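Colleague: Got a minute to walk me through this one? I'd like to understand what I'm looking at.

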Number of protein chains: 2
Amino acid sequence: MNIQRDCYVCIYTQALNITKRLNLDEYISSEILRGTAKILSKYDLSFMPPEIAKEVYEFIEKTLNIADPFEKEKKEAIKKALELKPVLEEKLKNSKNFLFNAIKIAIAGNIIDLGVNQSYDLDEEIRDIFNMQFRHNDFDKLKEKLKEARMLCYLADNSGENVFDEILVKSIKKLYPEIKIYYVVRGKPIINDVTLKDLEGLEINSLAEVIDSGVPTPGFHLKFANEKSKEIFYNSDLVISKGMGNFEVLFGECGREVFYLFKVKCDVVANACGCKKGDNVILKGEK
Amino acid sequence: MNIQRDCYVCIYTQALNITKRLNLDEYISSEILRGTAKILSKYDLSFMPPEIAKEVYEFIEKTLNIADPFEKEKKEAIKKALELKPVLEEKLKNSKNFLFNAIKIAIAGNIIDLGVNQSYDLDEEIRDIFNMQFRHNDFDKLKEKLKEARMLCYLADNSGENVFDEILVKSIKKLYPEIKIYYVVRGKPIINDVTLKDLEGLEINSLAEVIDSGVPTPGFHLKFANEKSKEIFYNSDLVISKGMGNFEVLFGECGREVFYLFKVKCDVVANACGCKKGDNVILKGEK
């Protein structure tokens, strides 16, 4: 999915928001906004949003000499999600439509996103979690695939969201104990996307093989993926992709079927998938 | 008043909004946003917002080969204001505090502004017009000055707003028939700022001498002012300045006392004058 005009201003606003979140002074903020503008001026409509975001965030990290500007927020998001986990698991255990509800939990977790220019309320999101409505709902197709699958590639997204994914992965393992699951994360810190380091000590490591994709963009961009993650991506019987960033770089581009699970958080992605901002999506994407 | 970090994103958002208002396609919109980004990358914190806006709007006009992209909106705003004029004049005529209320009308007109990233509701603005509250209220000082003044320099702002200024100018003439009033407008179309051409056929021409300042920035920037308007500005007994753009380039910079009348429409200007967004201001600015 290529950028549209709104993406320029969205990414620029993200840069401004970072300067505020990090309490930078006006001088260094101006340097960051001027440098970001220079980067934006280079990109025409043939690029995808995560490609531009990559360069902008790398420029900001280099300018500030900080390798992971969202480290604190990521830790806090995971901590908060872990507090909610037992409650959600209990709720799930006693629910009908076990698998569908586990997917709803994973999609609810997708609200945790610092790369979009909006705040989120996780507590509100999960209050009525199993009543989640969908714009696209390819759950039945996903379920059919899961029944047959031996190997599942699960493309991760944000920190905090990973705990909600863990609940879904665990549910899949419970229903289909034989399935081999790969949980594929970013190769380096980018926005609040989850990395190997963020997952240290978490249950996901015993449920799935956690894979470093090598990808530095906020989306599983195949151009940057290492051989192992590409092999898993293409050889799996089923790919589940979380979040907008992965959708933006894969949808219509990757040459294979992918099931996209995410919340629509901007109009550009909404247009690309025939949705509205705020919609929930289980979308079977073709080659 | 120099730019702050928010100004970069504000101006960028204005460029995006123009592409939408003019129904431009994605390709040309991208060209405009890339070119605007290149301009933004050049400006450090030593510049004033209207200086950057000037270059951005000129670039957009050149790219689109349109001399006055807001021509239609300006005409419509003046038409709408002229419809409201008799009602407002009737209301004013029968009111106590005649001069103060005439100033309130002029400030209410300042809500008509296409250079800020917010929409406005003129009808709502004038519904309860004489109950307008002020954050800064130097009305008494302004009134004292008016009593003594022989020559008044009135710096205009936006199209449509000029009709509300006309009511104030007419009120001043009624109270002080001897005063010579200059109504100073922009030298060329910039955003929806009022120019000589926009005032053709309007009553203001019989109440004041309308002066083309030569200024191409959305604010009376002395660097660009022609000799005549500079002479009037410095030789007048009293300067009344309308709008944020004039405030941004003159406040603390111009070397003379100016009475600023405006609505605060952004946080950067709010910070500069100790106000909040949405406040109304009658502010005596020192040298």
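Colleague: Which residue of chain B comes closest to the rotation axis?

Modeller: That's A37(B), whose C-alpha sits 2.3 Å from the axis. Keep in mind that this is a predicted model, where local features need pLDDT of at least 70, side-chain atom pairs count only at pLDDT 80 or more, and totals for chains, interfaces and linings use all residues. Residues are numbered from 1 along each chain as its sequence is written, chains are lettered from A and ligands numbered from 1 in the order in which they are written, and side-chain values use heavy atoms, leaving out hydrogens and water.

Colleague: OK, and what rotation superposes chain B on chain A?

Modeller: A turn of 180° with 0.0 Å of shift along the axis, giving an RMSD of 0.0 Å. That is how a two-fold axis relates things. The fit is by least squares on the C-alpha atoms of residues with pLDDT of at least 70 in both copies.

Colleague: How many residues are in contact between the chains?

Modeller: 26 residues of chain B contact 26 residues of chain A, with contact meaning heavy atoms within 4.5 Å. The copies meet through the same surface, because 100% of the interface residues of chain B are also interface residues in chain A.

Colleague: And what area is buried there?

Modeller: About 2,300 Å², with carbon and sulfur atoms giving 59% of that. Buried area is the accessible area (1.4 Å probe) that two parts lose on being put together, summed over both. R5(B), E26(B) and R34(B) supply 32% of what chain B buries against chain A, more than any other three residues.

Colleague: How many salt bridges cross the interface?

Modeller: The rule finds four between chain B and chain A; it asks for a side-chain nitrogen of Lys or Arg within 4 Å of a carboxyl oxygen of Asp or Glu. In one salt bridge, E26(B) meets R5(A) at 3.3 Å, N to O.

Colleague: Which helices of chain B touch chain A?

Modeller: Helix 1 (5–21) and helix 2 (26–40) each supply at least two residues of that side. Helices here are DSSP runs (H or I, at least four residues), numbered from the N terminus.

Colleague: Switching topic: how many salt bridges are there over all chains?

Modeller: The structure holds 68. Among them, E89(A) and K170(A) pair at 3.2 Å, N to O. E89(A) is in helix 4 (residues 71–93) of chain A and K170(A) in helix 8 (residues 161–175) of chain A, so the pair ties together parts 81 residues apart in sequence.
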